[in-house]
Amino acid sequence: MKLLNKLTNKNSQKDNICTLKDMNISDKTLNLQMKLLKLPSKENLNRWKKYSYIEIKQMDNSNLIKVELDTIEIVKSYMRRHVIITTEVPLKLLPLSDIRRIIKWSFHLVVKEDQTEKRYRVRLNEEKEFSLNDQFTFEKNMIYQPYKTIKGNLSIKHYHSSLINEIELFSNHKNIVTLEGTLIPDFLNVIKQYEKKGITLKKRGTDFSIDLPIEINTKQSWSLDICLEDIPALDGIIDFYFFVERAGNKALFRMKVGRTTKHIVKTVFQNHGEPFLYSTFTTKKGSLSLKINPLVARLKSLHMSPMCNTKCKITGLLDIPVPLEGQCFLKFYESDTETELSYVMEFENAERYKVKFSLFMDLMELNHKKYDVYFYKEDKGNTILFKVKTDLKTMKTSTMRELTKEDKLYQTYFSLTEDQDLLFVVREAGLYRDIKELSLSENYLNINGVGYIQRPKSVFYKPQHITLLLMNRLTGENCKIEAESYPGSVGGDNKSFTVNIPTTKLIKLTNRVKDILDVYIQIQVGKHKKIRKLGFKTFEYFKDDFLYATKIERDGKIISLYLCLTPKGNIRVETITQQGKQVISNQKPRILKEGGTKKELWIIGERPDTAQENGYHFFKYCREQYPDMEVYYAILPGSKDEENIRHFGNVLYIGSEDHVEKCIDATAFFSSHDIDYLLPFKGSEIEGYKSVLQVFLQHGVLGRKKVEYYKNQYKNPFNMVCASSTNEKELLINEFGYNEKEVKVTGLPRYDELHSKVELKNNILLIPTWREWLTSQSTFNESEYLMRYESLMNNPDLHELLTKHDLELTFYPHYRMQQYFRSADLTTHPKVKIVSFGDARVQDLIKTSKLMITDYSSVSYDFNYMNKPVIFYHFDKERFFKNGILRPEEETFFGDIVSNEKDLIDTLTGYVETYLAEKQFTQQIFDFQDESNCKRIFDEAIEMRRKLM
């Protein structure tokens with residue numbers, strides 16, 4: 001009987017237990033699923049659902065929280081029925097009365113039957129293993145951690161993240177901040193299973209962060225040395241977090257500082273060349289943060305007084321960020337050449353952080369450059385530099401001085417950048433020019449304008465002499481015309497001039513069918529001469545338009561003169577010489593099909609004197625595949641590339657009567673450059689020109705420098721543009737302004753031939769592009785561009801590499817730089833060969849070479865197409881892309897990028913000694929890699945012509 005009573009009591013006790021069947025915790029809720037063996041009667045089931053709840057009780061006081069049940073369901077299993085209860089506990093309901101304590105809570109299921117309430121302690125299921133060690137979450141700096149009590153019941157503790165560790169902070173070295181802390185046992189047990197533990201430094205208001213791992217020793221403590229040099233020089237606030245991470249899931253806890261903890265560290269540290277003040281501080285909520293402030297000296301006033309010759313005295317008022325101790329200097333630093341000059345500062349009426357200073361400098365010591373200005377001082381054996389900033393916007397005019405070096409007039413002055421950084425500038429005196437009136441007749445080119453050298457007001461009225469210079473862009477032949485100058489009235493300080501240039505002088509400078517004459521203004525003051533292209537200050541530019549035109553009959557020829565603008569508003573005279581005694585550009589088309597519609601007549605070309613790239617290859621395709629079709633190639637007579645196309649027939653010599661007639665009757669023009677190159681006159685002079693198909697075959701793949709093929713730059717824009725990829729098509733639409741129907745993804749014609757098998761030569765191709773700022777032989781001879789390539793071609797390490805591996809370096813200057821390199825008369829090593837235009841086809845050099853060195857040229861895509869390696873030599877990237885780059889560098893330069901000669905030789909050596917391995921790039925650049933580019937262009941052109949008819 002006693003045994004039976006014991007068994008009955010044991011079963012009765014078991015029936016009164018609520019066991020935890022399942023649980024999970026997120027950052028906001030605790031989800032519970034419980035099992036109760038005691039069953040309600042049918043009449044009590046609804047009462048259970050309505051009045052039962054979960055009671056959560058704080059263990060050390062009487063705080064109670066009641067949470068409704070979500071579901072109550074009777075389930076039958078193993079011949080026995082039981083009740084399954086679920087609920088969701090919002091963690092925010094658990095209050096934390098003291099952030100310095102750990103609060104613990106117990107869970108009870110309260111069931112109401114009849115008039116009584118029964119309470120069931122929620123216990124962990126003994127039949128099912130629960131791992132609570134890794135069950136924790138946090139919300140708004142609160143950590144919630146379920147756990148099992150000694151009696152096997154479910155409880156949860158929660159505490160503020162400030163209790164994760166007690167942190168000590170101190171600095172034992174100028175650039176080291178040391179953190180030490182001890183983890184509380186409750187948290188340490190949780191994170192043992194986490195793969196990564198450490199400190200996160202996060203810049204406030206940004207996504208920038210740094211993770212620094214820590215190791216926890218047997219005493220539950222950790223230590224971390226943070227080197228200030230490893231923290232980027234970021235102006236702002238860095239917040240400290242403790243982090244744990246497992247399987248890619250990362251939890252961050254704001255790091256707190258105890259009430260008695262030493263936590264203030266202040267140090268001045270030179271990070272990446274600039275001084276910063278690093279200050280740790282405690283936030284209002286007790287969190288640890290680090291404030292980083294750049295230290296600058298602020299210039300309040302500045303005066304520059306001339307002394308004898310080129311020497312001057314500089315005085316001013318300066319606010320400094322550190323106490324004035326020891327000797328101080330003003331430093332002028334030029335970053336391109338890493339030139340620096342320092343001047344000792346003398347002080348008067350010096351306060352601790354504000355001083356009046358003076359110094360003496362000789363302007364002849366500084367070269368033609370821009371210099372950053374720094375204040376620097378010695379501090380305990382360390383040199384600390386402070387950028388000098390100012391908001392004095394009138395410094396340029398108030399400090400401008402002149403000096404003469406080698407008969408060149410220079411101006412020196414202080415200025416400021418957009419960020420208010422102080423600069424000292426040494427540059428050649430600027431030349432201002434603006435055309436006020438302009439006209440062109442059969443006899444004269446008439447120009448009225450303003451021109452003067454920009455000088456300080458004290459010397460502005462010194463006499464200046466104005467001359468205009470006409471120069472043939474290709475040959476350099478020139479003539480000078482004296483201008484009549486007189487005081488101007490606009491603003492009171494301008495110098496006006498007028499000049500009437502006989503058109504006979506223009507014609508004398510022309511010696512080809514097509515020529516371009518640039519117009520320069522030269523102003524001389526004493527021995528100093530300054531020259532600049534003549535143009536308008538404000539203007540509207542169209543590539544295919546002209547301002548004025550006239551036609552002159554001379555010696556049985558018609559010479560057309562067009563006065564045009566360059567993209568920068570400068571004027572130029574384009575000349576076109578036609579054979580024959582009458583101008584026939586305005587005659588109507590004479591070639592008709594049956595029914596009165598035009599026959600197809602296509603004219604293809606590139607530059608006026610070339611036949612070797614996209615125009616050549618498309619012409620070759622048309623002549624071979626459609627020999628009966630009227631397709632012609634336009635080229636200047638006597639061009640070296642003429643032999644490339646002569647055997648195909650249908651060659652049109654630009655300026656001939658046949659050329660004029662064919663252009664009038666043409667139904668389509670195809671060019672790798674502007675259509676104007678192919679015409680004997682301007683397109684707008686041809687009747688019905690707008691209905692003619694104009695196809696831009698392209699010179700290369702777009703995506704780097706902004707080129708002059710924007711749709712809004714033409715009065716008669718291309719109505720079909722070829723692209724190499726869908727990405728390039730999007731660029732042509734979004735950036736260049738063409739529409740969806742005008743851009744066709746076809747590939748470039750010349751890529752068809754890149755698939756043909758050729759024997760590779762032991763050759764490296766050096767093929768840079770041109771520079772828009774090199775417009776004369778004199779500027780070219782003094783340029784960094786010439787210096788860099790001359791130095792490279794005469795590098796002893798390069799010669800040794802070429803000789804050792806039996807390689808040759810072929811240097812092929814850009815079309816626009818050829819004449820300058822020829823005149824420079826460079827001498828090179830026997831293994832280095834300079835190829836002139838016309839002596840070799842560029843594509844033959846590309847196909848037979850094993851490696852390419854270029855700078856920014858799109859010809860690199862040809863090498864990418866063939867999966868051959870490319871090295872990019874970017875020594876002047878900022879200047880080259882001063883107007884912006886069309887695509888990010890990583891999306892357009894597929895190869896190795898170097899910025900100096902040593903790195904170039906090292907990279908080249910690496911390739912040569914690994915047998916010039918192939919590089920795979922084509923999938924990133926081209927939609928097609930086949931031999932059907934010309935076919936796609938032909939098919940699209942036929943369809944476009946059908947729509948235009």
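1. Secondary structure first: in this predicted model, the protein chain carries 19 helices and 56 strands. The chain has 949 residues, and 53% of them count as buried. Its exposed surface comes to about 46100 Å², with carbon and sulfur atoms supplying 47% of that area. If you like contact maps, note that among contacts with a separation of 6 or more, 65% are between residues 24 or more positions apart.

2. A good place to start looking is strand β34, which spans residues 444–453. Seven of its 10 residues are buried, so the strand is mostly covered. β34 pairs with β33 (residues 431–440) in the antiparallel sense, over nine bridges. The link between β33 and β34 is a hairpin of three residues. To find the register, look for Glu-437, which stands opposite Asn-448 in β34.

3. β34 also has a pairing with strand β38 (residues 495–502), again antiparallel. Seven bridges connect β34 and β38. Here the handy marker is Gly-449, whose bridge partner in β38 is Phe-497. As a reminder, strands of a sheet pair through backbone hydrogen bonds, in either a parallel or an antiparallel way.

4. Further along the chain there is an open sheet of seven strands with parallel pairing. Reading across it, the order is β46-β45-β44-β47-β48-β49-β50. Which strands stand at the edges? They are β46 (651–653) and β50 (743–745); each has a single partner strand, so one side of each is left without a neighbour in the sheet. From one strand to the next, the twist averages 25°.

5. Within that sheet, β48 (residues 693–696) and β49 (residues 720–723) make a parallel pair over two bridges. Phe-696 is a useful residue to click on: its opposite number in β49 is Val-721.

6. Lastly, a helix pair to inspect. Helix α6 covers residues 614–625 and helix α19 covers residues 933–948; their axes come within 10 Å and cross at roughly 75°. Because angles of 65 to 115 degrees count as roughly perpendicular, α6 is roughly perpendicular to α19. By class, this contact of α6 with α19 has six nonpolar residues, one polar and one charged. On the α6 side the residues are His-617, Phe-618, Tyr-621 and Cys-622, and they meet Cys-934, Lys-935, Ile-937 and Phe-938 in α19. With His counted as polar and Lys as charged, you can match the classes to the side chains on screen.

Notes:
Residues are numbered from 1 along each chain as its sequence is written. This is a predicted model: local features need pLDDT of at least 70, side-chain atom pairs count only at pLDDT 80 or more; totals for chains, interfaces and linings use all residues. Side-chain values use heavy atoms; hydrogens and water are left out. Helices (H or I, at least four residues) and strands (E, at least two) are DSSP runs, numbered from the N terminus. Buried means under 20% relative accessible area, exposed over 50%, partly exposed in between (1.4 Å probe, protein chains only). Contact means heavy atoms within 4.5 Å. Accessible areas come from the Shrake-Rupley method with a 1.4 Å probe; for residues, only the protein chains shown count as cover. Two strands pair if DSSP finds at least two bridges between them. Axes are lines fitted to C-alpha atoms, for helices over the stretch in contact, and angles run from 0 to 180 degrees between N-to-C directions. Angles under 35 degrees count as roughly parallel, over 145 as roughly antiparallel, 65 to 115 as roughly perpendicular and the rest as oblique.
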